[in-house]
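Work through these exercises with the model open beside you. Try each task before you read its solution.

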Amino acid sequence: MFAGLPVRTLLKETLDVFSLCTMIRNEGTQGVLMNHTSSSSSGFGVVRLAGRVLLDMLYPPRCPVCERILLPEETLVCRQCADSLPYVEEPFCMCCGKPLLHAEKELCADCETRGHLFHEGRAVFLYEKKLRLSVNRMKFLNRREYIPFFGKCLSDLYAGMQPFWRAQCLIPVPMHPKKRAMRGYDQAVLLARALSAECGLPVEENLLVRTRLTQSSKKLGRSERRKNLRGVFRIHPEAVIVQSVILPHR
Ligand SMILES: [Zn+2]
Ligand SMILES: [Zn+2]
């Protein structure tokens, strides 16, 4: 848990907190809010940059897919993985986004026979072993440094959908507070923020409310999953959702 990359995450956050405390001490809370984006030109920025360089030397950034140390010219993902990422390509189901065997079909067998609670869903990647392990490390092993990579992938996909979906906000499906306290973070919120940074849509973190803790749905079938989640979410009474992108926890 504390070896390798999680230590990098821990140190990076310690550095961020240290930098923030330094700013608050030097400039007051108002200064933090007003100058956060221009901090790189201040003394604070130099300290932070030096810390980042040191951090990169001690715990160099790694590829989120194969875990190899990234070369200086590689960003977010190594070149080899970038060239072989298992993107979902056409033809895919116009409803759920699953790949289709036959291009002449519009819907997969599931969507032809059963309805969904959403109109259109899209997936960036096929759920292949390397990506599955990467997502698991991000979710369960504190590899929060993968978030910018997945945020960029979501953003690239969403850029093609924006003219049609015209979403007004991003809504991360909420994690139960107890679970969030145990894990220390909510990856759906972090992903939504990363996507927001790329595409500019605001993140609405409080529109959906999770009313109870549920069992993990990993080993449940479709009907058991629905039953497990029935009545779990409610919309904040003051919210009005017109169109949105929902980031699920799977
Ligand atoms: Zn790689
Ligand atoms: Zn489908």
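Helices (H or I, at least four residues) and strands (E, at least two) are DSSP runs, numbered from the N terminus. Just after helix α9, Gly 231 takes a positive phi of about 75°.

This is a predicted model, in which local features need pLDDT of at least 70, side-chain atom pairs count only at pLDDT 80 or more, and totals for chains, interfaces and linings use all residues. Residues are numbered from 1 along each chain as its sequence is written, while chains are lettered from A and ligands numbered from 1 in the order in which they are written.

**Exercise 1. Find how many helices and strands the protein chain has, and their order.**

Step 1. Count the elements: nine helices and four strands.
Step 2. Read from the N terminus: α-α-α-α-α-α-β-α-α-β-α-β-β.

**Exercise 2. Check the length of helix α8 against its expected span.**

Step 1. The expected span is 1.5 Å times one less than the number of residues.
Step 2. Helix α8 covers residues 187-199, which is 13 residues, so it should span 18 Å.
Step 3. Its end C-alpha atoms are 18 Å apart, which agrees.
Step 4. Look past the end: Gly 200 follows α8, with a positive phi near 90°.

**Exercise 3. Decide which residues of α8 are buried, and where they lie around the helix.**

Step 1. Apply the cut-offs: a residue is buried if 20 or more other C-beta atoms lie within 10 Å of its own, exposed if 12 or fewer, and partly exposed in between, with C-beta atoms placed from the backbone.
Step 2. The buried residues of α8 are Gln 187, Ala 188, Leu 191, Ala 192, Ala 194 and Leu 195.
Step 3. Down the axis of α8, they fall within an arc of 165° (taken from the directions from the helix axis to the C-beta atoms), so they line one face of the helix.
Step 4. Now turn to α9, residues 222-229: of its eight residues, the count of buried ones is zero.
Step 5. Over the 250 residues of the protein chain, 14% count as buried.

**Exercise 4. Place His 176 and find what it touches.**

Step 1. His 176 sits in the loop between β1 (169-172) and α7 (177-183).
Step 2. With 15 other C-beta atoms within 10 Å, His 176 is partly exposed.
Step 3. Two residues are in contact if their C-beta atoms, placed from the backbone, lie within 7 Å. Leaving out residues up to four places away in sequence, His 176 touches Arg 210 and Leu 213.
Step 4. The C-alpha atoms of His 176 and Thr 214 are 8.4 Å apart, though 38 residues separate them along the chain.
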